[in-house]
Amino acid sequence: MLNPFAPKEDPGSYIDLRKRMLRHVQSSRVNDKIFEMVQNAYEQALIRENVILSRAERSRMLSQIMKIVLKEMLDKLDGHPGTS
């Protein structure tokens, strides 16, 4: 039975289903978790390699690495091998 006070969503609509699934995924804070995992791996690699960078250099390199990781994830999703 449908809730009469709920927004009018067609449960069979692909677009509405996608929106609901996205809300569920976003509510689990997946973006934050992925960011933290990459950031932690990056920080550990800097420690392991004994690399000293300025705050600006650390931030810029993390940004570049994050973009590469995310691009590789998209490539993998699209069925293409990742390249860096």
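In which helix does M61 lie? I looked this up first and found M61 in helix α3. The model I am reading is a predicted one.

**Entry: M61 and Y42**

I noted the accessibility of M61 and recorded it as partly exposed, since its relative accessible area is 34%. I then took the C-alpha distance from M61 to Y42, which comes to 9.2 Å. In sequence the two residues stand 19 residues apart.

**Entry: overall make-up**

I went through the secondary structure and found 3 helices and 0 strands. Along the sequence I read the pattern as α-α-α. I also looked up burial for the whole protein: of its 84 residues, 11% count as buried.

**Entry: helix α1**

I placed helix α1 at residues 14-27, a run of 14 residues. From its first C-alpha to its last I noted a reach of 20 Å, which is close to the 20 Å expected at 1.5 Å a residue.

Which residue caps the N-terminal end of α1? I found S13 in that role, with a side-chain oxygen 3.4 Å from the backbone nitrogen of I15. At the other end, I recorded that R29, just after α1, takes a positive phi of about 60°.

**Entry: residues with positive phi**

I kept in mind that most residues other than glycine have a negative phi. I therefore wrote down R29, which is not a glycine and yet has a positive phi of about 60°. R29 sits in the loop between α1 and α2. I recorded R29 as exposed, because its relative accessibility of 52% is over the 50% cut-off.

I made a similar note for N50, which is not a glycine either and has a positive phi of about 55°. I located N50 in the loop between α2 and α3. Its relative accessible area is 65%, so I entered N50 as exposed.

**Entry: salt bridges**

How many salt bridges does a search of the whole structure find? I counted 3. Side chains of opposite charge can pair when their charged atoms come close. I took the pairs one by one.

I began with D32 and R29, whose closest N and O atoms are 2.5 Å apart. R29 is the loop residue already entered above, between α1 and α2. I noted D32 as partly exposed at 32% relative accessibility, whereas R29 is exposed at 52%.

I turned next to R58 and E43, which form a salt bridge with their closest N and O atoms 2.2 Å apart. What does this pair tie together? I found R58 in helix α3 and E43 in helix α2, so the pair ties together parts that are 15 residues apart in sequence. I recorded R58 as partly exposed, at 26% relative accessibility. I gave E43 the entry partly exposed as well, at 25%.

I closed the list with D75 and K71, whose side chains meet in a salt bridge at 2.9 Å, N to O. Both residues belong to helix α3, and because they are 4 residues apart there, about one helical turn separates them. Is D75 buried or exposed? I entered D75 as buried, because its relative accessible area of 13% is under the 20% cut-off. K71, by contrast, is partly exposed, with a relative accessible area of 44%.

**Entry: the largest pocket**

I looked up the largest pocket and noted a volume of about 200 Å³. Which residues line the largest pocket? I listed N31, I34, F35, M66, L70, M73, L74 and L77. I then assigned the lining to elements: α2 (30-49) and α3 (55-77) are those that give two or more residues. The largest share comes from α3, with 5 residues.

I sorted the lining by class and found 7 nonpolar residues, 1 polar residue and no charged residues.

**Entry: α3 across the notes**

I went back over helix α3, since several of my entries refer to that helix. I had placed M61 in α3, and R58, from the salt bridge with E43, also lies there. D75 and K71 make their salt bridge within α3. I had also noted that α3 gives 5 residues to the lining of the largest pocket.

Notes:
Residues numbered from 1 in each chain as written. Predicted model: local features only at pLDDT ≥ 70, side-chain atom pairs only at ≥ 80, totals over all residues. Heavy atoms only, no water. 1 Å grid on protein atoms, 1.4 Å probe; cavity = no way out; pocket = protein on both sides within 12 Å on 5 of 7 lines; lining within 4 Å. Points joined across faces, edges and corners; volume = space filled by probe spheres on them. Nonpolar A, V, L, I, M, F, W, Y, C, P; charged D, E, K, R; others polar. Expected span 1.5 Å × (residues − 1). Polar contact = N/O pair within 3.5 Å; in protein donor to acceptor, adjacent residues only side chain to side chain. Salt bridge = Lys/Arg side-chain N within 4 Å of Asp/Glu carboxyl O. Buried < 20%, exposed > 50% of the residue type's maximum accessible area, 1.4 Å probe, protein only.
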